[in-house]
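Here is a short briefing on how the strands in this model pair up. Have the structure open beside you as you read.

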Amino acid sequence: MAQEHRVAKVGEIEAESGKQFKIGDLEIAVWNNEGKFYATDAICTHAWVSLIDGYVEDGCVECPLHAGRFELATGKAQGAPVFVDLKTYPLRIDGDDIVIETP
Ligand code: FES
């Protein structure tokens with residue numbers, strides 16, 4: 001059954017960056033790109049590396065290791081070297097709180 005988690009306040013995640021949260025077995029990144037928030041898996045699908053220090057721009061995050069890019073809204077891999085999409089999670093803003101939903 002889906003579960004909701006209040007992971008952070010809106011002001012705690014700076015623009016063009018993300019913050020990583022461990023929820024159960026999941027490593028989830030919450031991203032702020034131009035004031036819009038997204039939740040995706042935090043680990044790159046190419047190798048076991050966190051995307052959290054990646055470059056956030058134009059609705060995408062670029063992996064710090066080999067520069068693979070993923071679209072934040074859909075998790076879609078944007079091409080070599082990444083071909084497997086990131087999982088994404090529903091996110092809503094409730095007052096000041098960022099709330100994400102996990103399966
Ligand atoms: S580990 Fe992310 S692109 Fe290679």
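**Strand pairing at a glance**

Strand E5 and strand E6, the latter covering residues 60-62, run antiparallel and are joined by 3 bridges. Please keep in mind that this is a predicted model. The points below start with the sheet that holds this pair, then turn to another sheet and to two hairpins.

**The sheet with E5, E6 and E7**

- E5, E6 and E7 form an open sheet of 3 strands, in the order E5-E6-E7, with antiparallel pairing.
- Strand E5 (55-57) and strand E7 (69-71) are at the edges with a single partner strand each, so one side of each has no neighbour in the sheet.
- On average, neighbouring strands of this sheet are turned by 20° against each other, with direction ignored.
- To find the E5-E6 pairing in your viewer, look at Glu57, whose bridge partner in E6 is Cys60.

**The sheet with E1, E10 and E9**

- This is an open sheet of 3 strands in the order E1-E10-E9, and its pairing is antiparallel.
- Its edge strands are strand E1 (3-9) and strand E9 (91-94), and each of them pairs on one side only.
- Here the average turn between neighbouring strands is 30°, again ignoring direction.
- E9 pairs with strand E10 (residues 97-102) in the antiparallel sense, over 4 bridges.
- A handy landmark for this pairing is Ile93, which has Ile98 in E10 as its bridge partner.

**The hairpin of E2 and E3**

- Strand E2 (residues 17-23) and strand E3 (residues 26-33) run antiparallel, with 7 bridges joining them.
- Lys19 is bridged to Val30 in E3.
- The two strands E2 and E3 make a hairpin with 2 residues between them.
- Within that turn, Gly24 has a positive phi of about 60°.

**The hairpin of E3 and E4**

- E3 also pairs with strand E4 (residues 36-41), in the antiparallel sense and over 6 bridges.
- Asn33 has Lys36 in E4 as its bridge partner.
- The hairpin of E3 and E4 has 2 residues between the strands.
- In this hairpin, the residue to look for is Glu34, which takes a positive phi near 55°.

**Following E3 through the model**

- If you trace E3, you meet E2 as a partner joined by 7 bridges, and E4 as a partner over 6 bridges.
- Both pairings are antiparallel, and Val30 and Asn33 are useful residues to click on for each in turn.

Technical notes: Residues are numbered from 1 along each chain as its sequence is written. This is a predicted model: local features need pLDDT of at least 70, side-chain atom pairs count only at pLDDT 80 or more; totals for chains, interfaces and linings use all residues. Two strands pair if DSSP finds at least two bridges between them. Axes are lines fitted to C-alpha atoms, for helices over the stretch in contact, and angles run from 0 to 180 degrees between N-to-C directions.
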